[in-house]
Amino acid sequence: MTDYLLRLSDGDDVAIARNDIDPSATLAAPGGGALRVHTGIPRGHKVALHDISAGSLVRKYGHVIGVATAEIRAGDHVHVHNLAMPESASALASGGASPQGLPAIPERLRRTFAGIRRPSGAIATRNYVGVLTTVNCSATVARQIVRRTEDEVAALHGQGVDGVVALTHGTGCGMASRGEGWDVFQRTLRGYARHPNIGALVVLGLGCEVNAVSALMADLGLDGELPVESFTIQDAGGTAAAIARGETLVRGMAQDLCGTGREEVGVEHLVLGLQCGGSDAFSGLTANPALGVASDLLVAAGGTSVLGETPEVYGAEQMLAERAVRPEVGEALLHRIDWWERYTASQGTTLDGNPSPGNKEGGITTILEKSLGAVAKGGRSPLAAVCGYADPIPRPGFVFMDTPGYDPVSVTGMVAGGANVICFTTGRGSVFGSRPVPTVKLATNSGLAMRMAGDIDLDCSGVVEDGVSLEEMGARVYDLLLDTASGRRTFSEELGLGGEEFVPWQLGAVL
């Protein structure tokens, strides 16, 4: 049965099992002939299309994904038991196969959404009261303030208030007050405090931390831009007094935000964060490339999309670098890859440590294979810029931000940089949210979409299972993103998720 196997490129050594394959089954091989499998093959996993000798490079997507560590017969299951990362993997970085040209732009492509215009002119997609902590020592008090007010604030949703969020973290003291770690931390706090989706802000400290409230407030420079109050637990008189003061401030700010309206604005005000988590073998075939089409549509209409997760483009970085609008943009990406190679080596690991057990159970074997699917989220648009973690995202166009692959840390950097909507693809399942920015979740396969129906906003499995074109699925994603930016609540928002995913990238010594 030809439908059982899917070969992605004519030069591939392996095909993907569309469904679970029974042991000793005989299948029609792509391109003709019969192929007998020797063991059961789980759905999404790889099957050898011909004999592969030990030490040979193995290709999928038309690119190297690993090296055979044992003799592989035609029909064998190809996975961690017989496939590994090759030496000098960066030298095999995929390039030269990036599709040329952009997809056709529909004549009636939507170019506006209903956004919230701030006095500064910035456009928001949500309207939150934020409680931002300077230090982990004030995190519990901040969470208590939010727990005691969130139901009251949530009741104001019909009046234009989306909620209250505690922006807490695990640092702010026991750290050097200068250097790369400090700079990244300050950029992240500054980015959230000044994010358009924060309509009012409470800044809360303990009172003796390295990241002092007074210094942070001076650095934020928010005077007159939005309602903001700051205080420390020590000055307030302790925990109970600080909670009471915070409750009063949040309730008053939420009431003041009531009546905030929306207006039609151009999609040039949208900054889309592209993220994947819990990926499987279908990620690179369905949800990721469909999101890539939506990203291209947004960029073509004047908006901005940002790809991150640097460890998850490893092995595919040349595909991005070759799309750079200027040589120095491509070089900047390659320099970040070099940094990650040195960084992981200094920690006693490699970038191939990125694929998780769930990724592997879903059919992904090496980081090279994972990256080739992950970069599909970035579509085909020219790479306009490369920026650092939590740096303001250059606009408009397709941008790369240097972030870790760990989802909460990566999205935190994107939101700090200005992303005002996140699209998150998943094959294994995710309960991710990202308050104060909405997260749209896409499923890569129908099994997940049915099993976690209350978490998934759009099922993209039809690309493989029902013959839906990537262009059509991408248009559906694009429309859903604009609806979400206009106020349509995602499943993660309905469930109240996203309050624990503010996780700044912590670099440097803990003192």
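Which residues lie nearest the centre of the largest cavity? The views below begin there; the model is a predicted one, in which local features need pLDDT of at least 70, side-chain atom pairs count only at pLDDT 80 or more, and totals for chains, interfaces and linings use all residues. Residues are numbered from 1 along each chain as its sequence is written, and side-chain values use heavy atoms, with hydrogens and water left out.

**View 1. The largest cavity and its lining.** Asp280, Ser283, Ile364, Lys370 and Gly373 lie nearest the centre, among 13 lining residues. A cavity is a set of points, on a 1 Å grid over the protein atoms alone, where a 1.4 Å probe fits but cannot get out, and lining residues have an atom within 4 Å of a point. The volume here is about 70 Å³, meaning the space filled by probe spheres set on the points, which are joined across faces, edges and corners. Helix α10 (residues 367-374) gives the most to this lining, with 4 residues. Helices are DSSP runs of H or I with at least four residues, strands are runs of E with at least two, and both are numbered from the N terminus.

**View 2. The second largest cavity.** With this rule, the count is 3 cavities of 30 Å³ or more. The second largest holds about 40 Å³ of space. Its lining is made up of Thr171, Met175, Gly181, Phe185, Pro504, Trp505, Gln506 and Leu507.

**View 3. The second largest pocket.** Unlike a cavity, a pocket is an open set of points, with protein on both sides within 12 Å along at least five of seven lines. This one has about 560 Å³ of space. Of its 30 lining residues, Ser120, Ala122, Arg194, His195 and Pro196 lie nearest the centre. At least two lining residues come from each of β10 (112-117), α2 (180-193), β14 (198-205) and α11 (407-417), and α2 supplies the largest share, 4 residues.

**View 4. Two cysteines without a bond.** How many disulfides are there? The count is 0, where a disulfide is a pair of cysteine sulfur atoms within 2.5 Å. For Cys173, the closest cysteine sulfur is in Cys137, 6.1 Å away, so the two are too far apart for a bond. Cys276 has its closest cysteine sulfur in Cys423, at 11 Å, also too far. Cys173 is partly exposed, at 35% relative accessible area, whereas Cys276 is buried, at 2%. Buried means under 20%, exposed over 50% and partly exposed in between, using a 1.4 Å probe and protein chains only.
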